[in-house]
Every structure is written in structure tokens, then in C-alpha cells.
Amino acid sequence: MGCACRDKLCKTRKVKVGRFSIGGSSPVSVQSMCNTDTRDLKATVDQIRRLEEAGCEIIRVAVPDMEAALNLGRIKRAISIPLVADIHFDWRLAVEAVRQGADKVRINPGNIGEKDKVREVVGACKAAGIPIRIGVNAGSLKALKDKPRTLAASTEKVRGKPRPAWKPYDWAKQMVKEALDEVRTLESLNFRDIVVSLKADDIERTVMANTLFSSKSDIPLHLGVTEAGSFLAGTVKSSLGIGLLLAQGIGDTIRVSLTEDPAMQVRAAYEILKSLGLRQYGPDLVSCPTCGRCQVNVGKVIHELEDRIYSDRNLLKKAEGLKIAVMGCVVNGPGEARSADFGIAGGKGRGIWIEKGKQMKVIKESEWVNEVIRKIRSTK
Ligand code: SF4
């Protein structure tokens, strides 16, 4: 995506991942990660197909052992979006993942070991023409392992290790330093198809690290706030972290990490991109918060509508760009619904159907959802 000035000289380099590209002037893509056991072919393929329906563009799976690596070819043949293999520690798993047809490998070269092993992985990726993502997470920095005592501020421990005395910017600098060290290792092997991610579990370090990295490199960035949390807390945190960066023109692909069904991660990712005007995804559903004037169940209607629209790829496509309003009463409803393509303003168990500001008819509350769906289907 490049920096906010949008100068073509400031764009990130473009990297191909299957039929998608990341970086340059490519649209910011949406990724997710399976939470199934990669050795379980059926569960993994079923989940990826569901995520494809939800609009996921690139999918990552964990590859914890050789059995999982050997399953990647079968998974890849059963899906239609690029498959990313997430590897830690064992270079042989990465080489096998490439042999099985993975479209990208995510490694942390720091935990792959000596340069010879990294060279094997790079050689395999180069021969296959696929990129490598260097994933740096604040919680697994090499500096934390190498010299935890010198960083200790107190006796307080994080995951059994002394908490470092760093301020957020120190963390960001260290994350960027370790990422650039890894980039240099790969580039010294004449490999340039690189994507970098710099993730922390808070907004401050994530934003600082990515901003700093983008000022130093043209390598495309995969954005995310790691271990962001439950659906509500994690979505708010991710929206702010990812949104602050995207608003500055930083970031080329995103993954929203939530302790939640990965399909909701995809939904949340698109909502972030949609809010910033970077991608279109489904309709703009407008609904009022309801108040003491409301005599219909706006919440139930809007949830049913979301469920119907977001579980049907064709409907989702048809609804793209439509503004649909569901308002609780006729006091403010018609006025608010006027700016929508169509909408409903509630009364008592019924509502006024409004199209482009014109009041068309009265329909029963029990028919609202079906009427909206019919209208979306009939939209050209
Ligand atoms: S549209 Fe009506 S019901 Fe909804 S918040 Fe406004 S006044 Fe209340």
C-alpha cells in the first residue's frame, strides 16, 4: 500500500501469493487462519471452504509436524484460495510444505536456526516462486531469550521470564531490528519475495513497530494485533491498531486475530477495510439503537438480516454498496432512512417501507427480513 502520500515511489514492493498479490497498488487483502488440526483433512477443508464463502482471500494453517506438512497437498487441491504454511523451529517442515504446493511460508527465521537451514527453506521457496513472511511477535523476540536478565526491571515475570524494562518504543525498535536482521539474512541469499509482520498484543507497540518499519523498508506489511482477545474486545483493539496504520497508508494485508470463529475474523477484517473506504464488502446496514419510542424488535431484525446476507455469497455480492436502514419508529425513522437505498421505519408491529426517500407501503414486522432479502435479490 505504501505511505500516506500515495506517491508511487513510496509504494511497497509487490509480492505474489497464488492468484493474489500483496503490496504495490494491490487492494489490501483479507487473511485468516484455521483453528482446526491440519492433520484432519475434512475439518480443515470444510473450514477453509466456509471461510472462502465469507470472503477470506488467503488462508494460513499451522504445520506443527510432518504429518501436517504432508497433508498440505490434499488440502490445497480441495480449496481455491492461496494456502500459507505456518512453520516454527523445523526447516524440514517448511521444505515439505513447499513441496506440497504451499503458496507462501510463514517462518520466524530466528527460530529456524543456523543460516544453512534458512538457506534450505529459501532455496525451496525460490525454486517454487513463492514468498516468505517473516513473522515477528513481541512476545517471542530473540532479545527476550538471549538476555532476559539485563532487561529485567523488577521481579515481575511474564510467561516465566522477567518483564523487560523497555518502554513501548524500545519494544518497537527491537521488533523492527529483529525483522530487518531476518530480511538481511533472506536478501543475502538473493531472496526478495518477502512480507513482514510485526505484532504485539497491544495497539501502541503494534502501531509504533509497523510505522517505524515502513519508514525503513519497502517490504509489504501484514498487519494484525496478536492475541487480541474475545470478539468484542478483540475487534475494538484490532480495528484501532490496524485502522490507525491503514489510515496512514501503512499495511498491505490484514488478519484480525480473535478468540472466535475465523469466519467472524474475516467479517471484522472487511468491516475495518469498509469503514476506511478501502474495500467494498456487503451492504452498509444502518440501524438505530432503539429507545423508549420503539415498538418493534430492531435487534432481532438486524441480526436475522446479517445472518441471511453474510451466509450467502451471492446475496452478499448483490447487496454490495447498498445502504439499507432499519429504524425503530416513525418519529426519526423516515428521516434517517431517507439517505438509504431502502429501509423500514417501525410502528407497532408494522413499518413503513421507504425507497430512495419515498414512503412506498406498510408491511408487517414479521415480513421485514423477507422483504429486504427480496429487494436485494431483485437489485441489478
Ligand atoms: S429511530 Fe425512533 S426508536 Fe430508533 S432511536 Fe430514533 S427515536 Fe428511538
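What volume does the second largest pocket have? Here are some notes to read beside the structure, which is a predicted model.

1. **The pocket itself.** The answer to the opening question is about 280 Å³ for the second largest pocket. Its lining has 15 residues, and those closest to the pocket's centre are A263, M264, R267, Y310 and S311. Try finding these five in the viewer before you read on.

2. **What the lining is made of.** Sorted by kind, the lining of the second largest pocket holds 8 charged residues, 5 nonpolar ones and 2 polar ones. Three helices each supply at least two of the lining residues: α1 (41–54), α10 (262–275) and α11 (298–310). Of the contributors, α11 gives the most, with 4 residues.

3. **Two domains.** It helps to step back to the whole chain here. The protein chain is divided into domain 1, covering 8–275, and domain 2, covering 284–378. Between the C-alpha centres of domain 1 and domain 2 there are 39 Å. Why does the second largest pocket lie between the domains? Domain 1 and domain 2 both give residues to its lining, so the pocket sits between them.

4. **The barrel.** Now look for a closed barrel of 8 strands, with parallel pairing, in the order β3-β4-β5-β6-β7-β10-β11-β12. From one strand to the next, the twist averages 25°. For a close-up, take β6 (residues 104–107) and β7 (residues 132–137), which pair in the parallel sense over 3 bridges. V105 has I132 in β7 as its bridge partner.

5. **A helix on the barrel strands.** We met α10 as a supplier of pocket lining. This helix also lies across β3 (29–33) and β12 (253–255), and it runs at about 160° to β3.

6. **The open sheet.** Another set of strands is worth tracing. Here 5 strands form an open sheet with mixed pairing, ordered β13-β14-β15-β16-β17. Its edge strands, each pairing on one side only, are β13 (284–287) and β17 (358–364). Direction ignored, neighbouring strands of this sheet are turned by 20° against each other on average. The helix α11 packs on the sheet, where it touches β13 and β14 (323–327), and its direction makes about 170° with that of β13.

7. **One antiparallel pair.** Within the open sheet, β15 (residues 342–346) and β16 (residues 350–355) pair in the antiparallel sense over 5 bridges. Which residue of β16 is the bridge partner of G346? The partner is G351. As a general reminder, strands of a sheet pair through backbone hydrogen bonds, either parallel or antiparallel.

Notes:
Residues numbered from 1 in each chain as written. Predicted model: local features only at pLDDT ≥ 70, side-chain atom pairs only at ≥ 80, totals over all residues. Heavy atoms only, no water. 1 Å grid on protein atoms, 1.4 Å probe; cavity = no way out; pocket = protein on both sides within 12 Å on 5 of 7 lines; lining within 4 Å. Points joined across faces, edges and corners; volume = space filled by probe spheres on them. Nonpolar A, V, L, I, M, F, W, Y, C, P; charged D, E, K, R; others polar. Domains from an automatic or database assignment. Pairing = 2+ DSSP bridges. Axes fitted to C-alpha atoms, helices over the stretch in contact; angles between N-to-C directions. Contact = heavy atoms within 4.5 Å.
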